[in-house]
Each structure stands twice: as structure tokens, then as C-alpha cells.
Amino acid sequence: MIKYITACAVALFLFSNVSAQNKNEAALQVIISNIIKKMTLEEKIAMLHGNALFSSAGVKRLGIPELTCDDGPLGVREEIKRFDWNSANWTTDSATFLPNGSAIAATWNPDMANKYGVVIGQEANARKKNVMLSPAFNICRMPLNGRTYEYYSEDPYLNGRLAVQAVKGIQSQHVAACIKHFAANNQEVNRSNINEEIDERALREIYLPAFKAAIQEGNAYTIMSAYNKVNGYWCSENDFLLNKILKKEWGFKGAVISDWGGVHHTVEAANNGLDIEMGSSGSYDQWYFADPLLTAVKAGQVSEKTIDDKLRRILWVMYHTSMSDHHPEGSIATVAHGKAAYDIASESVVLLKNDAHLLPLTTKVKSIAVIGDNSIRTFASGGYGAGVKAKYEITALAGIRSRFGQTADIKFVQGYKANYLANRMDEQNPGSDKPDQTLIDQAVSLAKKSDVTILCIGSNREYESEGHDRKTLALPFGEQALVNAVTAVNPNTIIVIMAGAPYDLNEIKKSNHTIIWSWFNGSEAGNALADVLKGVINPSGKMPFTFPVSLNDSPAFALNSYPGENLNTTYKEGILVGYRWYDTKNIEPLYCFGYGLSYTNFAYTNLLIDKKNYKLNDNIAVAVKVKNTGSYAGKEVVQLYIKKVNSSILRADKELKAFKKIAIAPGKTAVVSTNIKVSDLAYFDEKLHKWVVEPGEYKIMAASSSKDIRKVTSFYVR
Ligand code: BGC
């Protein structure tokens with residue numbers, strides 16, 4: 001009893017008087033050690049596994065609360081029941097639907113990723129969630145991956161810059177980000193048991209850098225291990241990834257959380273770096289990190305020191321989140337959050353073609369035909385963990401009505417049926433690629449009598465989803481037939497594609513003069529799109545991944561390494577992922593990485609660097625002048641790529657090393673300046689097992705896209 005009272009008193013003292021935020025890390029570690037000393041082995045084990053679908057236990061007598069978490073990347077998921085996946089039917093959990101991952105990446109604006117994070121953090125607090133299972137930023141290796149829309153881009157540097165800011169935004173609200181999925185969750189087919197053979201150079205140069213940045217620069221408190229195996233070991237028990245790289249090399253202080261149901265063994269996972277086991281169903285006591293872990297500790301297979309290290313990590317996360325003194329109340333679906341969603345969406349829209357200068361639309365347009373299922377479809381729900389119960393979502397039709405309704409007569413027809421359900425097998429989704437002639441006829445007759453047709457096609461949250469990869473790049477639902485029929489009768493047709501991953505746009509690119517790419521673009525998607533159509537917003541999004549002309553051009557298909565054989569796939573392309581592959585192999589893409597037009601034009605001059613010769617520890621100061629030569633204010637993403645001239649080893653033809661998005665008024669010139677560290681020019685030498693900067697000549701390219709190089713200069717590393 002005395003022991004109990006003392007423990008309570010100590011806990012009370014610790015939790016009420018000690019401001020963890022104001023203590024330095026060393027003091028915090030002492031506090032944590034003292035708590036751990038007071039815990040029984042059973043209490044410790046209870047904190048290492050789920051006690052419900054989205055929480056793990058605390059220790060009541062010591063004042064340690066449960067650790068609560070929630071999905072996910074597109075907003076804070078609706079409340080589900082504690083022990084099953086059905087809705088808890090709350091009326092207070094409607095959230096802001098934020099633009100999907102590839103939309104955020106298309107902004108090329110880390111401030112937008114930060115805005116996203118702040119909204120997620122504030123809404124998580126309002127829902128009393130301590131850990132948000134977000135952001136998700138696996139590399140887009142393979143265009144058909146069902147989760148491409150959740151993730152960012154094909155480039156490790158772009159991913160890293162965005163991930164750091166998303167994490168900082170979330171954690172600014174004393175909510176832990178859980179960055180995911182570590183590592184290389186690049187396909188959904190066989191995701192739970194595929195073994196990916198990835199050479200260390202590709203891991204280090206392509207698949208890991210954004211995680212490293214999110215941890216070392218973003219200070220991410222938690223990370224989710226992926227379902228798949230990497231080089232023979234499940235990611236939840238991968239000593240190389242979790243112990244050696246993440247914890248030892250990168251100095252990660254937080255907790256590794258398994259993906260739901262992604263644990264396979266007790267002892268291996270416990271010893272190889274996993275801290276918390278989460279899953280999709282009970283019996284919670286029987287999970288690998290529950291009774292079996294207790295038994296393994298008692299049998300000496302897992303040391304109590306290892307268990308204490310996990311506790312230390314979890315408590316460290318708690319002291320920065322739920323147990324932090326300044327934990328904010330949070331707020332949900334506020335006007336400010338809607339504004340953030342609008343800002344992100346409006347910077348993400350990509351103008352692919354405007355050859356007839358049809359856009360922006362003028363008030364001379366008196367009748368608009370809005371055609372296509374995607375004009376009235378909402379995209380907040382679907383995709384399992386990435387679904388959001390949106391407080392509101394402005395569809396394309398609603399946005400167009402609100403922006404053009406005063407000046408034009410707006411009529412809608414559906415154009416195609418989107419018959420596809422993500423949770424069904426392909427055979428159970430028959431005919432989802434077939435056009436519907438009756439709907440096409442209606443569309444044609446409306447298009448004929450309208451000044452302008454806005455044709456909203458693409459995919460949706462059933463067609464692109466966790467749990468399956470797409471089978472082809474083709475546009476679904478017979479959309480191409482609809483496009484052809486409508487374009488034939490109305491020359492003023494604008495194609496708007498809403499999707500989160502590359503598609504086959506060959507025919508549209510050839511035959512249509514006006515093409516816009518929107519995404520699953522959040523609560524304000526329709527308003528942002530309509531403002532782009534109207535010219536209130538000048539589009540500034542750039543493609544975060546390459547659109548291949550044909551699937552066989554893409555590396556995983558060209559090298560026949562997807563989806564693998566006998567649950568094994570070798571990443572034969574190594575470091576040549578995305579534009580690194582297309583450019584090095586001289587394969588012309590349909591739309592290249594970094595591509596996107598504006599209503600204005602930008603001219604690049606005076607690319608200058610501060611020296612001709614650099615040493616290993618130097619920074620390269622780069623400046624380039626960019627002039628807005630058109631008549632609209634606009635934003636340009638200046639991309640800086642590096643190329644090693646005469647490299648002694650295989651290098652990509654170019655690698656993105658810096659970028660900056662900048663707003664420039666018409667007729668004005670901006671100087672865009674940045675620094676690139678010479679050490680960032682390194683490649684990973686597998687034999688020497690370290691990063692090496694090869695001496696010699698390098699080119700630096702200032703570009704408007706990966707294929708639109710505007711200025712080049714060279715320098716030497718001596
Ligand atoms: C997904 C995770 C998600 C988790 C919880 C898993 O199936 O891979 O991204 O956070 O479920 O919903």
C-alpha cells in the first residue's frame with residue numbers, strides 16, 4: 001500500500017510539475033527511467049501492443065494514458081468502434097478532407113505540406129488522437145501501385161522536403177506523425193508477403209532518404225514498418241532497416257509501430273527493432289507482442305533491457321504529445337482548415353495543355369456543359385485507411401456553378417458510369433472499362449449546344465485504392481470513347497482529369513488542345529478547379545511523377561520485375577527510378593517529371609554559381625534570374641538538377657538537388673537563389689559502404705521541368 005501511495009505521489013509530482021517541453025532531453029530521459037523502474041513486466045508488455053484497433057494500453061496507476069492513433073493521409077479518419085471497423089456513428093467527427101499525397105507533391109511547395117500537417121495536427125487533437133498515421137511517402141516506383149495517390153512522388157529529394165514539413169506541421173500541435181511505410185511499400189499485389197530484393201545503393205539513394213530527412217530534420221516521433229519484406233526479412237523484424245539504419249545510424253529516438261497485422265514473429269520482431277504491434281482484430285492478449293512476448297522475456301529470448309528500450313521510446317513520444325504540458329485542445333473542420341485545403345488544392349492543379357488559349361475562360365462564355373461522373377463525385381471516402389468523413393466537399397460541378405453561375409447557363413450530364421468497387425475481385429467488377437452509349441449520346445447532344453464543354457473524367461477512390469494495383473494505365477469506364485464523341489461535336493472541350501497516379505493520355509494529348517489535371521483534391525477541390533478555369537488562380541502544379549508513353553517503358557515493366565515471381569521481386573532497375581530511368585535510357589515520356597504549364601511564361605537568364613571549383617565541405621551558392629514575360633501573375637517552380645560528367649560509375653542522367661516555388665508579377669524578374677551542399681552530390685558506394693563524392697566536372701541545370709532545361713553551367717569538385 002505504501003509502495004502504491006509513493007508511486008502515485010511520484011507520478012503526480014512528475015506529471016503535474018514537470019514540464020517536459022522545457023526540460024532538456026537528458027532530464028526527460030531521467031524522468032522516463034524513473035517511471036520505467038516502477039513498472040511491472042506485465043505493465044510494460046501491455047504498452048507494446050494494441051488493446052483495441054487504434055490504441056495501446058497505458059498504466060493507470062502511474063498516470064500513463066493510452067496511446068491513441070488514427071489514420072490517415074487525407075484527413076483524420078472518422079471514429080470507428082473500439083473493436084471493429086464499423087463506424088461509431090459519431091456526429092462530431094466530420095473532418096477536413098485534405099488533398100491527397102500526389103496533389104501535395106504537385107504543389108512542389110513545402111509550405112503547403114506544412115499547412116497540411118497543421119490541419120491534421122489540430123484536427124487530431126480535437127479527436128484526442130496522439131499519433132496520426134501520416135504522412136505516407138513511399139517512392140512511386142511503379143505507376144500502377146494502388147496507393148500512388150496516397151504517396152508523394154518518384155523523387156527522394158522532393159519527397160524529403162515535403163515529408164519534413166508535413167511532420168513539422170503535425171507535430172507543431174503536439175501530435176506525433178507516424179511516417180509510413182518503412183520501407184519500399186511500392187506495390188499492393190502480394191504486399192503482405194512479397195520479398196523485395198533491393199540493392200543497398202538503391203535503398204540509400206532512392207527509397208530511404210525521405211525517411212531519413214523526416215527523422216533527422218523533421219524529428220518524426222513515430223514510424224510505421226511496412227508489410228513487405230526487404231532483402232529477405234519482414235520490415236517489422238528487419239534488423240538492418242530498424243536497428244542498424246533507423247535507430248543506430250539515424251539516431252531515431254521514437255517508436256516503430258507495425259502496420260496493422262504486419263507482425264510475424266515475437267522474438268525476431270522484438271529483438272530486431274519493432275516497438276509496438278498493431279493489428280486489425282483481437283484477441284489482443286494472444287498477439288505476438290502480448291502473452292508470447294511475456295513468455296519470451298521470461299525464457300530469456302528477449303531481454304528486459306530490450307523491453308525497457310521500447311518503453312523509453314513510447315514514453316518519449318508521449319511526453320512530446322499526450323503528456324506534454326502544453327497540449328492544445330485542437331479544432332476540427334474550421335473555416336481556416338477549409339482555407340488551407342483550398343490553398344493546397346489551388347497550387348496542385350497541373351495545366352497539361354492550353355494550345356488553343358481557351359483557358360482561362362472569359363465571361364463571354366454563356367453556356368457550359370459539365371460532363372462526366374467525376375464532376376459530381378466526391379473523393380473523401382474510400383481507400384480503407386485513407387478515407388475521411390468530410391464535413392463538406394465541393395464537387396467540380398458545384399465549384400463551376402459557384403464561379404460561373406452568374407454569367408453562364410450550366411448544365412450537367414453524367415457521360416459514363418463508374419462501376420467499380422475496391423473490395424471486389426476483378427471478375428466482380430465486369431464491364432468497368434465499357435462505355436455507356438446512352439450516356440454518351442446525352443453528352444453529345446448537350447455538348448453540341450454549349451459554348452464550352454468541361455469534361456471531368458479520371459478515376460476515383462474505388463478504382464485507385466489500397467489493397468489492389470491497377471491492371472493497366474488505360475482510362476477506366478470507357479472514358480476515351482466519351483472524350484472522342486464529345487470532342488468531335490464541340491471544339492471548345494476542356495478535359496479535366498481527376499486521379500492520383502499516371503494514366504494513358506496518349507490519345508487525349510494528341511487530339512485535345514486543353515487538358516487540366518486535378519487530383520482527389522480535398523474539401524475545396526471544386527472551388528480550386530473552377531478558380532483555375534476562371535483564371536482567379538494561375539495554375540502552378542508540376543507533375544510529381546513521369547507519365548510513360550506505354551507501361552512497358554516504365555522500369556519495373558521493362559525489366560519484368562513486377563509483381564515478381566514466387567513472392568519475390570528484384571528491383572533490377574536499381575537507382576534508375578522515375579525520370580532517372582527515362583532520361584538515362586533516352587526513353588521519351590508522355591509527360592515528364594516536373595512538367596506543368598502556366599497562363600504566363602517564364603524566361604530564365606543568368607544562372608550563376610559562386611565558384612568554379614569546390615571542395616567536399618563547400619556549399620554551392622546558386623542563383624538564377626526568372627522573368628514573368630506574360631500578362632498574368634504566376635508561380636514558377638525552378639528545378640535544379642545535377643549531372644556528373646563522365647562519371648566512373650553508373651549515375652542517373654540528372655538528379656534533382658534543389659527547387660523553389662516563387663511568385664512573380666507580370667513583367668517582373670525574380671532572383672531565385674539557393675545552396676546545394678557538395679556532399680549532396682554523393683552516390684552510395686556499396687563496396688566502400690559509404691557515400692562518395694566523385695571529383696571532377698559536374699553540370700548544374702536550371703529547369704522548368706526535368707526535360708525543359710533552361711540554363712546550364714558547370715563546376716568542378718576537386
Ligand atoms: C495500412 C496503413 C494504415 C493501417 C491502419 C493498413 O492496412 O497499410 O497505412 O495506417 O492499415 O488503418
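# Exercises on pockets and a ligand

α6 (156-171), α7 (200-207), α8 (209-216), β22 (655-664), β23 (669-677) and β25 (690-692) each give at least two residues to the lining of the largest pocket. Helices (H or I, at least four residues) and strands (E, at least two) are DSSP runs, numbered from the N terminus. The model is predicted: local features need pLDDT of at least 70, side-chain atom pairs count only at pLDDT 80 or more, and totals for chains, interfaces and linings use all residues. Residues are numbered from 1 along each chain as its sequence is written, and side-chain values use heavy atoms, with hydrogens and water left out.

**Exercise 1.** Describe the largest pocket and its lining.

*Solution.*
- Step 1: define the term. On a 1 Å grid over the protein atoms alone, a pocket is an open set of points where a 1.4 Å probe fits, with protein on both sides within 12 Å along at least five of seven lines; lining residues have an atom within 4 Å of a point.
- Step 2: take the volume, the space filled by probe spheres set on the points, which are joined across faces, edges and corners. The largest pocket holds about 1000 Å³.
- Step 3: list the lining. It has 34 residues, and P209, K212, S679, D680 and W691 are closest to the centre.
- Step 4: find the top contributor. α8 gives the most, with four residues.
- Step 5: sort by class. Ala, Val, Leu, Ile, Met, Phe, Trp, Tyr, Cys and Pro count as nonpolar, Asp, Glu, Lys and Arg as charged, and the others, Gly among them, as polar. The lining has 16 nonpolar, five polar and 13 charged residues.

**Exercise 2.** Which pocket holds the ligand, and what lines that pocket?

*Solution.*
- Step 1: locate the ligand. It sits in the second largest pocket, as more than half of its atoms lie within 2 Å of the grid points.
- Step 2: describe this pocket. It has about 800 Å³ of space. Its lining counts 46 residues, with R191, G383, Y384, G385 and E466 nearest the centre.
- Step 3: sort this lining. The classes are 16 nonpolar, 14 polar and 16 charged.

**Exercise 3.** Describe the shell around the ligand and its contacts.

*Solution.*
- Step 1: count neighbours (a heavy atom within 4 Å). There are 14 residues, and D71, R147, H181, D259 and E466 come nearest. The shell has six nonpolar, one polar and seven charged residues.
- Step 2: check polar contacts (N or O atoms within 3.5 Å). Side-chain N or O atoms lie at these distances from a ligand oxygen: 2.8 Å for R147, 2.7 Å for H181 and 2.6 Å for D259.
- Step 3: find the cover. Alone, the ligand exposes 310 Å², and the protein buries 95% of that. The areas use the Shrake-Rupley method with a 1.4 Å probe.

**Exercise 4.** Where are the cis peptide bonds at G72 and P563?

*Solution.*
- Step 1: the bond from D71 to G72 is cis, with omega near 0°. G72 lies in the loop between β3 (67-71) and α4 (101-107).
- Step 2: the bond from Y562 to P563 is cis, with omega near 0°. P563 is in the loop between α19 (555-558) and β17 (568-570).

Key:
Polar contact = N/O pair within 3.5 Å; in protein donor to acceptor, adjacent residues only side chain to side chain.
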